[in-house]
Structures are given as C-alpha cells and as structure tokens.
Amino acid sequence: MGFERGFLDYERIEPGITPVAKRILNFKEYYSTLSDHDAMIQAGRCMDCGTPFCMHQCPLHNSIPDFNDFVCRGEYRKALNVLQSTNSFPEFTGRLCPALCEEGCTLSIHREAVGIKSVERKIAEYAFEHGLIHAEPSTHRSFKKVAIVGSGPAALSCAQALSQRGHNVTVYEKNDKAGGLLRYGIPDFKLPKEILDRRLSVMESEGITFKTGVLVGSPEKQSSGVFCNAKESISGKELLEKYSAVVLCPGSEVPRDLKIPGRELSGVHYALDFLIAQNLEIQGAQENQIDVAGKNVVVIGGGETASDCIGTAIRKGAKCVTQLDYHDELPEKVDVFNTWPEWRRIKRTSPSQKEGCVRLFSTNTTSFVGKDGKLCGITTQKVRWGKGHHFEGIAGTDGAMDADVALIAMGYSHPSPALAQEFGLETDNRGNIKASYEGDEAFKTNNPKVFAAGDGRRGQSLVVWALAEGRRCAEAVDRYLMSIPHA
C-alpha cells in the first residue's frame, strides 16, 4: 500500500471541474486530470484490502490495489502495465465509467471512497503524454483473418486483443468514422473525440484495418431509428468466405419508442438523433437540424442518455430544460451496511443536471400536444409503482407543460434485426443476438464462425461491460481460430 496511514490522514480529492457558467458556453471537456501530487495522495488512500471488493465490482476485474500502489510511488510504467493487463482503454473508463469499483471500496463504508476512476484516467493520460502508450504490433502472426462488425467499445477491445494474439483483424463500421457509441453517442464534453482518435491511431499502427462507411448487409433492411451514413455495403456471405471468423458488435442501437397520442408531431425526436446530429456538427460534417435555441425542451427518461441530452440542449441555448422520469425519486443517502459493496440505489445528480434542469419524478408522459403539426406541449400524470416493475396512473394528478422539442431518452431495445437476419442467427426474446456469456460456448452464435459481444448480445449496458465483453470474446475467438487449420 502507498501510505500506511493514507486512508486516515488524507481525504478524497475530486478532479477539477470547470464552473457551470463557463462550461455551458462550449462543448469542451469539463473534468480535468489529477496532478501528479493529487494522484499520489488519492492512490495513497488505498488500504490494499485483504479482500479487495473493488476488483470484484469492476466488470474488468482491474488489479486496483496494485496500480494504486505504483501511482503512489510515482512508478507509472508499472501502474500502466498492471492496468492494461485487464483494461484495454483506461482513457475511456477514466472518463465514462460510473465507477462500480468505488461502490465496493472498503473505505467507502465509513469515509469517501478512493477515487479509482480519476486514478485510472491519470495513468492513461500520463502514459500518453510520456510516450508509454505506443504501437506494439505482435511479433507472432497466425495469418488467421477476423472480421469485426461495428467499432464501438466492445468491437475495439476485441480487435485489440485479437491483434495482440497475432491475428489479422479488419473492423467494419457502417458510418464514416470509427468509434460507434464513443464517437456518435457521447458528447464531447464527456469524451473529446481527439481522445478516441488518439487510440484509433495506435490501433491502426499495430496493424488493425478499419473499413468505414461499409454496411454489412442490405441497406433496405436497416431498421428505422438506426443512424447510418454508409457509402457501400458487403454481404454476410462474403465476410464468411473471406474470414476465418466474424465477430458481431453492433451495440443496442434501436431506441425504445413512446407510442402515445401526438408521437407523429414535428419536434418529437429520439435522443440519439439529437446527440448524433450534434456530434456531427462539432466534427464539421453538417449542422444540427434539431434546433433547441430559445425553446422549451423536455427530455423523457432518467438515464445517462437523458443527461447527455440535457447538457447538449443547455449548450445549444435552450430556454428551459425539463426532465421527466417515471421512476420514483430516490433518497440521496442509504444505510451503507444494507447495500455495500453493491451499487447504491440513491438519487444521483450529473454535471449536466447541475447546469440548470427541472427534474420531475414519478411522472409519466401521456400525450404530445400539437398545433399545425408542431409540438407545443406535453401532458403528464403522476404514477404509483407496484410489484413486478409495474406502475399505474394516479387519478387527479394530470398535468401539462409547454414543450417545443421533446427528446425520447428511454433507452435502447436491441440491435438492428437486419444483422442477425443477414447471418441467419438466433435472437433471444429481447431481440439480442443469442450467445452465452459463460462456458465452452461463450460468445458463440448458432453459426460456428460467428461470434457476438457487447450490447448487441447482452442488451443495453455500460461502456465498461462492453470492454469486458470484447476482451472475453477475443479469448473465445482465439481458441476457435487456433483449433482450425490455416486456410
């Protein structure tokens, strides 16, 4: 452990954040990286527990006490080696992960948890700044070829792991740039795209090929609500003929709809349409056609996507932003002994919500109200939750509010069914590509040459889970490739 009395002598150090009045003027990243001194103190608070529950709570099972010890000693190369042994892209998790590990930190039982997330980011940024992260192509080549469909976090972690094992990897992305959710779904104020491009450059230098603007399957069969700007396409049959294995990492990209009266009105949009359009605008591709400047914006949903919409709408000059969440408002604190080390069900407020947002809980949207075909309002009703995740409206609690733009941020149902159909694959009852997570058949579909990983397999989840799936899937693909003769 770094300091013998670190957990007693030092308090948690939060990373710096740009003040609200300044950060809402642009889309620049608002959190900063810890200084060398603050990182040393933060990592030195780790108690090096005999049973590190933080590692158990982390989907990647990072060796957290070990890299904390090295950071405290200033040995960043060793810290990076430890972290990269389990985490392909700490620069992403250090920005985007909700820090499940910190919920399991033993220190959090009676004090503030160690800032594991901020230490991860520090390791990654220090490593890039000092040239510790660079292209390291595998010295052994298997000459087995793998195609990966999609380029989100699961696809990238799988591609990196397979390339490091000596396989020739080609990534197919239907949009004009690689990154998937990381590029098109997450705002720049949380993940600047130069951070993504920096990593993609390293991966290309290691021999991974990215074919962008290429749709796998038929354009006519793409589901509505799924963004695609592909210029060409390739069939699943052709991929199976050209490659020894195919890995599908499409993400859970079909948004859940809100089929209530007035859904057809102009001004009602899926959240991802708004976020994608803004990311494209920042990249200089096209102007965001969903104009919220000076307008009343209502965001329907309570998750991270909703929060991203709030921050984006505020930066685009919305007059007022209201968030409707049909879940009950949770307490801000709970008895830690009843929850630790599991994720606490408490009310959490994101930086975007702190920028100026009205949050309404236990509120269901009942209709969109329009005039001359355009949205002008929303009607609501308070709800009461019962058993089995069911709720019912409370009579006499009907309400209404002005709304010029409504953003539906209720999560995502499943990947585009066209991809599973293209390869003749089975899907589960939620529409995800059917493949197990454990055992000898892990990540295998009903086609022996086709594997699946990420949100398109497990359902909508976290970036850290996608990275874990990609790495584990790579192990399964590697075993399969090494069991077949070279073609």
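This is a short talk on the predicted model shown above, going from the whole chain down to a single residue.

Okay, so, overall picture to start. We've got 18 helices and 17 strands in this protein. How compact is it for 487 residues? The radius of gyration is 23 Å, and the globule rule gives 23 Å for that length, so the protein is as compact as a globular protein of 487 residues. If you want a feel for the box, the C-alpha trace spans about 65 × 60 × 45 Å along its principal axes.

On burial, 54% of the 487 residues count as buried. The accessible surface is about 21,600 Å², and carbon and sulfur atoms hold 49% of that. And for those of you who think in contact maps: take the contacts between residues at least 6 apart in sequence, and 70% of them join residues at least 24 apart.

Right, let's zoom in on a sheet. Three strands here make an open sheet, ordered β12-β13-β14, with antiparallel pairing. Why does one side of β12 and of β14 lack a neighbour in the sheet? Well, β12, residues 363-371, and β14, residues 391-402, stand at the edges with a single partner strand each, so one side of each is left open in the sheet. From one strand to the next, the twist averages 20 degrees. Strand β13 covers residues 374-385, and eight antiparallel bridges pair it with β14. If you're clicking along, find Trp-385: the residue opposite it is Phe-391 in β14.

Next, a helix pair. That's α6, residues 76-84, and α9, residues 116-129; their axes come within 10 Å and cross at roughly 115 degrees. The crossing is left-handed. As for who's meeting whom, α6 brings Tyr-76, Ala-79, Leu-80 and Leu-83. On the α9 side, those meet Glu-120, Lys-122, Ile-123, Tyr-126 and Ala-127.

Last stop, one residue: Phe-53, which sits in helix α4, residues 53-57. Phe-53 is partly exposed, at 29% relative accessible area. What does Phe-53 touch, leaving out residues up to four places away in sequence? The answer is Gly-104, Thr-106, Trp-340 and Pro-341. And if you'd like a distance to check in your viewer, try Phe-53 to Ile-276: C-alpha to C-alpha they're 37 Å apart, with their positions 223 residues apart in sequence.

That's my tour, thanks.

How values were computed:
Residues are numbered from 1 along each chain as its sequence is written. This is a predicted model: local features need pLDDT of at least 70, side-chain atom pairs count only at pLDDT 80 or more; totals for chains, interfaces and linings use all residues. Side-chain values use heavy atoms; hydrogens and water are left out. Two strands pair if DSSP finds at least two bridges between them. Helices (H or I, at least four residues) and strands (E, at least two) are DSSP runs, numbered from the N terminus. Axes are lines fitted to C-alpha atoms, for helices over the stretch in contact, and angles run from 0 to 180 degrees between N-to-C directions. The radius of gyration is taken over C-alpha atoms; the globule rule is 2.2 Å times the number of residues to the power 0.38. Buried means under 20% relative accessible area, exposed over 50%, partly exposed in between (1.4 Å probe, protein chains only). Contact means heavy atoms within 4.5 Å. Accessible areas come from the Shrake-Rupley method with a 1.4 Å probe; for residues, only the protein chains shown count as cover. A crossing is left-handed if the near helix is turned anticlockwise from the far one by less than a right angle, and right-handed if clockwise.
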